[in-house]
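Visitor: I'd like a close look at a single part of this protein, with the surroundings filled in afterwards. Could you walk me through it?

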Amino acid sequence: MEHIVIIGNGISGVTLARHIRKLSDKKITIISAETDYFFSRTALMYVYMGHMKFEHTQPYENWFWKKNRIELKKGYVKTVETKSKTLYFAEGDTMQYDKLIIATGSKPNKFGWPGQDLEGVMGMYHKQDLENLEKHAPNKEVCKRAVIVGGGLIGIELAEMLNSRSIPVTFLVREDSFWNGVLPEGESGMINRHIKNHHIDLRLSTNLKEIKSDENGNVKSVIIEETGEEIPCNVVGLTAGVTPNIDFLKDSEIELGRGVKVNRFLETNVKDVYAIGDCAEQHEAIGNRRPIEAVWYTGRMMGETLAQTICGNKIEYKPGHWFNSAKFLDIEYQTYGWVFGERGRPEYEKHFHWKHNDDTKCITVAYHKDTKEFLGINTFGIRMRHETFDTWLTEKKDVDYVINHLPEANFDPEFYSKFENEILKAYNNQLQTA
Ligand SMILES: Cc1cc2nc3c(=O)[nH]c(=O)nc-3n(C[C@H](O)[C@H](O)[C@H](O)COP(=O)(O)OP(=O)(O)OC[C@H]3O[C@@H](n4cnc5c(N)ncnc54)[C@H](O)[C@@H]3O)c2cc1C
């Protein structure tokens, strides 16, 4: 029987395994060095915040795997020898495969800062990071201040986590406004104010120079690059982005860039070896997407797609319209299609922006300046329906249509009705003055 071996028990690897099982009787093994069972990485924050126990982040009961004849192996793959189709484990054993899928996810970036490996310095990616945080920041007495380095979606989650235990946070952000590489100005500015309103010490245009140690090898303070200021702290969270977790493949025959290089069928340069999820890098980016897509649902889609190919129905990875969602403290964020920040915005992209007076809700609609075609929408503090925008993007609706039909996209019509007139009025005003 063909043996399918998947390295990585994250959303991409597990989705692949489940779908191969639905479609076939192949022997399936999933390997992970991190945990015995699949868990939802996006829910890690709620464990620290006390909303759920770690066990609750596991979407499947422990018996599920055996029942579905999916073998689980705990171990770290140290090397892959593709000629003999053999995996070598750090623990000393080996495993043979017929088809190999690399689904090893990401690891937090470290940029060679002095002190980056001290006790109390951590990323926020793996379960072990959560355990480390629990150890070094159980409460505000043990951790008098935490410094977070890097202002992305994981950084803001870590800030919220620490905030929930009343641990003072200093947040170092290289950019001059929060996440403005992605968000347009109005949104990024609103998030800056929202972070500060939560008593988080947000330092924009600020870089980390060095992390200092006490006499026991624990974090004592950080030094700021621009001013030389020393900030005492007990924990440093490194959240300056993630990189594919593929170092163990360096000596293999598998082609690597930043990630594992794959074509549209998620195949690598080596026969019978594939890559999916955060660690896969497309040779050519798909549309406006990045060649590496480090988000949950694309990992799931890649897993579903590759299961078809492995079971004899070869199909391309076609992710459709871009969407994503996240949370900035109390403000939910959703994005559909493309809305660019200042950086990388095409010359033809125009924006309509509306913000509520309470400074916690806004929307930005992107459209083509000549054709008026609807290109994308960002919503903050207002929930909208994914399917509606997906249809409008496919049907290439224009911006007038979208603004006038926003109630149809509304997730919660009662709630939204408070804003719809305001949005329409603002749109008409902006058009008249444009
Ligand atoms: C705190 C946090 C919040 C997030 N929130 C969101 C969100 O709101 N929305 C969103 O879209 N995305 C979010 N993400 C990103 C999302 O979680 C990832 O895109 C997704 O989990 C990646 O899945 P994956 O299957 O590619 O890899 P992973 O989930 O990283 O799984 C890979 C597994 O492989 C294991 N592994 C790696 N190398 C080896 C080896 N050599 N041997 C054995 N095992 C190995 C790893 O330890 C890991 O267990 C968040 C991420 C984090 C960290």
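Is His-353 buried, partly exposed or exposed, and what is its relative accessible area?

Guide: Keep in mind that this is a predicted model. His-353 comes out as partly exposed, because its relative accessible area is 25% and the buried class stops under 20%. The residue sits in strand β23. Leaving aside residues up to four places away in sequence, His-353 touches Gly-186, Glu-187, Cys-362, Ile-363, Thr-364 and Gln-430. One of those neighbours also gets a polar contact: the His-353 side chain reaches the backbone oxygen of Ile-363 at 3.3 Å. For a sense of scale, take Leu-130, which is 223 residues away along the chain from His-353, with 37 Å between the two C-alpha atoms.

Let's follow the neighbours outward. Gly-186 belongs to helix α6 and is partly exposed too, at 30% relative accessible area. From Gly-186 to Phe-340 you have 154 residues in sequence, but 12 Å in space between C-alpha atoms.

Just before α6 there's a loop that starts after β11 (169-172), and Ser-177 is found in it. Ser-177 counts as buried, since its relative accessible area is 11%. Its side chain makes a 2.8 Å polar contact with the side chain of Asn-192. Asn-192 is also among the residues that Ser-177 touches, together with Ser-188, Gly-189 and Leu-204, again not counting residues up to four places away in sequence.

Back to β23, this time going forward along the chain. Between β23 (349-355) and β24 (362-368) runs a loop that holds Asp-359. Here's something to check in your torsion plots: Asp-359 has a positive phi of about 65°, although it isn't a glycine. Most residues other than glycine have a negative phi. Asp-359 is classed as buried because its relative accessibility is 17%. The next loop, between β24 and β25 (374-380), offers a second case in Lys-372. Lys-372 isn't a glycine either, and its phi is positive at about 70°. This lysine counts as partly exposed, given a relative accessibility of 27%.

Strand β22 (residues 331-337) is worth a stop as well, for Thr-335. Thr-335 is buried, as its relative accessible area is 5%. A polar contact of 2.6 Å links the side chains of Thr-335 and Asn-378. Besides Asn-378, Thr-335 touches Trp-322, Phe-323, Asn-324 and Ile-377, not counting residues up to four places away in sequence.

Now for Leu-130, the far end of that 37 Å separation from His-353. Leu-130 is one of the buried residues of helix α4 (residues 127-136), along with Lys-127, Asp-129, Leu-133 and His-136. Among the elements covering the buried residues of α4 are α2 (44-48), β9 (121-122), α5 (153-164) and β16 (235-238).

That leaves the nonpolar packing. In soluble globular proteins, nonpolar side chains tend to be buried together. Here the largest nonpolar core has 46 residues, and the members that touch the most other members are Ile-6, Val-80, Leu-87, Leu-100, Ile-101 and Ile-102. Helix α1 (residues 11-23) supplies the largest share of this core, with five residues. A further core of 40 residues lies apart from it, and includes Leu-183, Met-190, Ile-195 and Phe-328. As for Ile-102, its contacts take in Ile-7, Phe-248, Leu-249, Ile-254, Val-260, Val-273, Tyr-274, Ala-275, Ile-276 and Cys-279, once residues up to four places away in sequence are set aside.

Helix α1 also packs against another helix, α7 (residues 296-310): their axes come within 7 Å and cross at roughly 30°. The crossing of α1 and α7 is right-handed. On the α1 side, the residues in contact are Ile-11, Ser-12, Thr-15, Leu-16, His-19, Ile-20 and Leu-23. Facing them in α7 are Trp-296, Gly-299, Arg-300, Gly-303, Glu-304, Leu-306, Ala-307, Gln-308 and Ile-310. Sorted by class, the contact between α1 and α7 comprises eight nonpolar, six polar and two charged residues.

How values were computed:
Residues are numbered from 1 along each chain as its sequence is written. This is a predicted model: local features need pLDDT of at least 70, side-chain atom pairs count only at pLDDT 80 or more; totals for chains, interfaces and linings use all residues. Side-chain values use heavy atoms; hydrogens and water are left out. A nonpolar core is a set of buried Ala, Val, Leu, Ile, Met, Phe, Trp, Tyr and Cys residues joined through side-chain atoms within 4.5 Å. Buried means under 20% relative accessible area, exposed over 50%, partly exposed in between (1.4 Å probe, protein chains only). Helices (H or I, at least four residues) and strands (E, at least two) are DSSP runs, numbered from the N terminus. Contact means heavy atoms within 4.5 Å. Axes are lines fitted to C-alpha atoms, for helices over the stretch in contact, and angles run from 0 to 180 degrees between N-to-C directions. A crossing is left-handed if the near helix is turned anticlockwise from the far one by less than a right angle, and right-handed if clockwise. Ala, Val, Leu, Ile, Met, Phe, Trp, Tyr, Cys and Pro count as nonpolar, Asp, Glu, Lys and Arg as charged, and the others, Gly among them, as polar. A polar contact is a pair of N or O atoms within 3.5 Å; within protein, one must be able to donate a hydrogen and the other to accept it, and residues adjacent in sequence count only if both atoms are side-chain atoms.
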